[in-house]
Structures are given as structure tokens and as C-alpha cells.
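Colleague: I am new to this structure and would love a close look at one part of it. Could you walk me through how the helices pack?

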Amino acid sequence: MASSSSSTTTKPIPVFITTDSLHSILSHQTLIDHFHSSLPTVSSSLCSPIRQSYAVSPTSSLLLMPSWSSSPSLPYLGVKLVTYFPLNSAVNLPGIHGSYVLFSSTSGQTLATMDGTALTLYRTACVSGLASRILSRNDSEVLVMIGAGALAPHLIRAHLAARPGLKRVIIWNRTEVKARALAEEMRGSVGGDGVEFESNGSLDEAVAMGDIVSCATNSEVALVKGERLKVGAHLDLVGSFQHSMKECDDEAIRRGRVFVDNEAALVEAGELVGAFERGVIGKEEVCGMLVELIGGEKAGRRSSEEITVFKSVGSAVVDILAAQLVYETYMKQ
């Protein structure tokens, strides 16, 4: 791994890594590979306290997500700072803004600042892509994307990177015009690779066709009905992070072997918390976490017929690993 010391003569510290630079540095393929190789080796050396949230007004919040490493191979301390101002839509501004600040864990020196929002989109999608690489069927051909927000194009690209055999992407969104617009956008950017993009106004019909079904919504009503999932499907749940939110019903959880990105999903994700409360499955029946899947400590897909479910809520661990890749690549340029 590159250290900053060899490059400080040409790039003064701290550096500000622009959003355009971040996009040029990161690809979904390289970040999936980075997570795959790094998570098993550095997870035990990382300390990531529970995120702190402060109400700065009746409607707005400040969130702090720190993480630091005790490993010489990852000599960093990082903090993601996020503001949540939901009323910004009235003034045509995004409701969420974020910055990521990276420090040296040996000297405390500020090393870099970068766009925390863009970093989060990449790392969230690539966690799903890595899980798909392990859990979805090798012969998966149809990806169904539920939701057409900012995360959707990243998830599509991450799943395509994880499963290059995918031939068809079907997009569903509550507002159908957004699904059509995203299909057109993706067709123009990656359609030349032999992948067909389309929108579908029938959610149940779309779900039934998916070898991989990926969800990125804020829904509080179950969108994916377990009875509609095809045999051998992989269900990727990204959107929910509160008990009131859920993207699938109990039947999807009951039918699938459930995996999570980290332990926080067991207490934060509405789909799982509700399923535990209703006795659909027990916490002990969750089959493993992502790092255990990578390391082979827990078995992933066992047959082409079983349904797998992966629920992620995110963590400061993957934030700092993504920031590491951005920073070290930037300093080598």
C-alpha cells in the first residue's frame, strides 16, 4: 500500500480531492476488489463507534461517523460528517450533504478531504456488489433494480461488475418516468456492453423475472413479495435503516438464507427487526456477515435453487476503506 510520505513533496498535505477526481479514481470493480481483499485482514484492527446524531433544529440533523485503525497497513483515522436538511427540497437543494476527512492515525495530521456523499454512493453499491459476487448465481442474467434515485445507477454498475454475465436490467420506480429516464441514461453509458436496459411499470412482474433483485428505496411498505421471487434468486436490500422502513415482506425473509453486512443490520433494518419480533426467523438464523462470507467462515450459496437475501445498513469500516483507496490512488498520480 502506498504511503503519503513519498508524495508529499509534490502534493502538499492536506489535499482536497474534488468530486470529479473521486469519480475518475474510483470504479465499482476496483472498489469491490479492494473490499474483497481488505475487509478480512483489517476488520479486526478497526474501531468504529456507533454513529452520533445531533438535532440542530426541529427538522435538521448532523451525523458523525468515525473510524480508526490500529494496523500499520491502514494508518488512518477518518470521520464522515453528514448534514440532513429535508426541507432543502423547497429551495431546490439536496437534503443530504456529506464530507469525509482522513487523518494520519500515527501523527493525527489531516491528510485529505473528499465528497462524503459520492464516497457513500460508491461504497454502499460496492458492498452490495461484493455480496452479489459471493451469493448470487454465477449464471445470473436478469437484474431488477427497484428504485431510481441517486444510488440506483451505482448499484446497477456494481452488480454488473460483480456479475458480468448479466444481460438485462429491468428498472421499476414508483414514478415510472424516473425509471424510464434511468434506463435511457444507463443505455447511453453502459448499453454498448451488450446489456439491455428497460423499465417496467409492474413491480410484481419485474420481481418475478429477477435473478438478482436490488432495492434502494425509503419505502415503509413492503415492495418485494417473497412469493414472487424466482427459485435461486438473490435479493439485495439497501434502503431501510429504521424500524419503520422495509423493502420486502416476511415471506421473502422466510424463504431466503439471510446475510447482513454487519451486526448493526440486526437492530436497525426494519425487515429484520420486524421478522424477529413476529417470529418469522430468529437472530441466530441469520447465516452470517459479509466479512465471514469473504473469509469462508460462513457458507454462502449452497445450491442453484436456494434464495439468498443480503441486507446492508452501511458502516464506518467501509467508509474508511473506500477513502483509503481514493487517497492512496490520488497520491500516486
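Modeller: Happy to; here is a walk through the helix packing, with a salt bridge at the end.

This is a predicted model, in which local features need pLDDT of at least 70, side-chain atom pairs count only at pLDDT 80 or more, and totals for chains, interfaces and linings use all residues. Residues are numbered from 1 along each chain as its sequence is written, and side-chain values use heavy atoms, with hydrogens and water left out.

Two packed helices are described by the angle between their axes and the distance between the axes. The axes are lines fitted to C-alpha atoms, for helices over the stretch in contact, and angles run from 0 to 180 degrees between N-to-C directions. Helices are DSSP runs (H or I, at least four residues) and strands likewise (E, at least two), numbered from the N terminus.

Let us begin with α2 (residues 28-42) and α11 (residues 316-332), whose axes lie 10 Å apart at an angle of about 120°. That makes α2 oblique to α11; under 35 degrees counts as roughly parallel, over 145 as roughly antiparallel, 65 to 115 as roughly perpendicular and the rest as oblique. The crossing of α2 over α11 is right-handed, meaning that the near helix is turned clockwise from the far one by less than a right angle. On the α2 side, the residues in contact (heavy atoms within 4.5 Å) include Leu 31, Phe 35 and Leu 39, and their partners in α11 include Val 318, Leu 321 and Leu 325.

α2 also packs with α4, at an angle of about 65° and with the axes 9 Å apart. These two are therefore roughly perpendicular to each other, and α2 again passes in a right-handed crossing. Here His 28, Gln 29 and Ile 32 of α2 meet His 154, Arg 157, Ala 158, Ala 161 and Ala 162 of α4.

From α4 (residues 152-162) we can go on to α5 (residues 176-190): their angle is about 45° and their axes are 11 Å apart. α4 and α5 are therefore oblique to each other, and their crossing is right-handed. Among the contacting residues are Ile 156 and Arg 157 of α4, and Leu 182 and Met 186 of α5.

Finally, back to α11. Asp 319 forms a salt bridge (a side-chain nitrogen of Lys or Arg within 4 Å of a carboxyl oxygen of Asp or Glu) with Lys 80, their closest N and O atoms being 3.3 Å apart. Asp 319 sits in α11 and Lys 80 in strand β5 (residues 76-84), so the pair ties together parts 239 residues apart in sequence.
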